[in-house]
Amino acid sequence: MIAILIRYGLASGLIIGSILFGTTVAFHEAIPSPAVGMAIGYAGMLLAFSMIVLAIRQHRDGTLGGVIGFWPALGLGLGITLIATLFYVLAWEAALSVTGMDFGAEYAGAMVADAVKGGDAATIARVKAEAAQFARDYARPLWRMGVTATEILPVGLLVSLVAAGWLSRRAG
């Protein structure tokens with residue numbers, strides 16, 4: 001199971017890491033709308049996490065003779081999710097480094113710009129304070145890495161649960 005976990009985890013990580021790094025570097029000068037960015041990101045995550053389905057099926061049919069319980073299947077899926085998450089976080093950090101992008105400041109600026117469009121003075125002041133705090137927090141690497149991991153982990157968890165439920169088979 002370890003060989004399958006590593007093989008499919010690396011494949012999943014390389015897929016999502018390549019997509020994240022490639023699109024960030026390619027579009028850093030002309031960032032697409034947030035909706036387009038999210039669509040590309042989540043499509044890439046689903047593509048990468050298709051490796052979970054393939055890994056569980058490979059392990060079940062190739063190693064275990066067509067039988068796998070829910071918990072071992074879920075464990076395999078979660079292991080792949082953790083490897084892909086590591087690649088995702090490292091790809092984001094590498095993309096930030098290569099592009100010189102200050103995402104925290106850019107996002108904080110967008111928060112304030114949205115508030116200014118339709119908010120009253122009190123709302124704008126509150127959002128400015130929240131945006132400044134976000135930018136300060138995002139400048140801290142461990143905090144930023146944690147935030148980045150929370151983007152992909154729920155998707156991997158969901159795919160792992162669905163795949164484990166769908167592909168698990170009992171003996172007999």
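## Close-up views of a six-helix predicted model

V89 is a buried residue, its relative accessible area being 8%. The model shown in these views is predicted.

**Figure 1. Surroundings of V89 in helix α3.** The position of V89 falls within helix α3. With neighbours within four places in sequence left aside, the contacts of V89 are M145, T148 and A149. One of these partners, T148, belongs to helix α6. The C-alpha atom of V89 is 19 Å from that of V159, a residue 70 positions away along the chain.

**Figure 2. T148, a buried threonine of helix α6.** Helix α6 contains T148. The relative accessible area of T148 is 1%, so this residue counts as buried, the limit being under 20%. Residues up to four places away in sequence not being counted, T148 touches Y88, V89, W92 and Y138. Two of these partners reappear in the aromatic cluster, which includes W92 and Y138.

**Figure 3. The pair formed by W92 and F103.** Eight aromatic pairs are present in the structure. In the pair of W92 and F103, the ring centres are 5.4 Å apart and the planes meet at 85°; the geometry is therefore edge-to-face, since an angle over 60 degrees places a pair in that class. This pair joins distant parts of the chain, with W92 in helix α3 (residues 70-99) and F103 in helix α4 (residues 103-118), 11 residues apart. The two partners can be described by their accessibility as well. W92 is buried at 11% relative accessibility, whereas F103, at 26%, is partly exposed.

**Figure 4. The pair formed by F103 and Y138.** F103 also forms an aromatic pair with Y138, with 5.4 Å between the centres and 50° between the planes, an arrangement described as tilted. Because F103 lies in helix α4 and Y138 in helix α5 (residues 121-138), the pair ties together parts of the chain separated by 35 residues in sequence. Y138 has a relative accessible area of 5% and is buried, while F103 is partly exposed.

**Figure 5. The aromatic cluster and the charge over Y138.** A single aromatic cluster is made up of W92, F103, Y107, F134, Y138 and W143. Among its members, W92 and F103 make the edge-to-face pair, and F103 and Y138 make the tilted one. The ring of Y138 has a further partner: the charged end of R144 sits over this ring at 5.9 Å from its centre. Y138 is also one of the residues touched by T148.

**Figure 6. The two sides of helix α5.** Helix α5 comprises 18 residues, and the distance from its first C-alpha to its last is 25 Å, close to the 26 Å expected at 1.5 Å a residue. Its buried residues are I124, V127, A131, F134, D137 and Y138. These residues lie on the same side of α5, because the arc they cover around the axis is only 150°. A121 and A122, on the other side of α5, are exposed. The cover over the buried residues of α5 includes α3, α4 and α6 (141-167). Two of the buried residues, F134 and Y138, are members of the aromatic cluster.

**Figure 7. Surroundings of T81 in helix α3.** T81 is placed in helix α3. With a relative accessible area of 2%, T81 is buried. The residues touched by T81 are F49, I52, L153, G156, L157 and S160, residues up to four places away in sequence not being counted. A separation of 28 Å lies between the C-alpha atoms of T81 and G100, which are 19 residues apart along the chain.

**Figure 8. The whole chain, as context for the close-ups.** The protein has six helices and zero strands, and its elements run α-α-α-α-α-α from the N terminus on. The C-alpha trace spans about 70 × 30 × 25 Å along its principal axes. The radius of gyration of the protein is 20 Å, whereas a compact globule of 172 residues would have a value near 16 Å. Of the 172 residues, 36% are buried. Among contacts with a separation of 6 or more, 84% are between residues 24 or more positions apart.

Note on methods. Residues are numbered from 1 along each chain as its sequence is written. This is a predicted model: local features need pLDDT of at least 70, side-chain atom pairs count only at pLDDT 80 or more; totals for chains, interfaces and linings use all residues. Side-chain values use heavy atoms; hydrogens and water are left out. Rings of Phe, Tyr and Trp (its six-membered ring) pair if their centres lie within 6.5 Å; planes under 30 degrees apart count as stacked, over 60 as edge-to-face and the rest as tilted. Helices (H or I, at least four residues) and strands (E, at least two) are DSSP runs, numbered from the N terminus. Buried means under 20% relative accessible area, exposed over 50%, partly exposed in between (1.4 Å probe, protein chains only). A charge sits over a ring if NZ of Lys or CZ of Arg is within 6 Å of the ring centre and within 35 degrees of the ring normal. The expected span of a helix is 1.5 Å times one less than its number of residues. The arc is that of the directions from the helix axis to the C-beta atoms. Contact means heavy atoms within 4.5 Å. The radius of gyration is taken over C-alpha atoms; the globule rule is 2.2 Å times the number of residues to the power 0.38.
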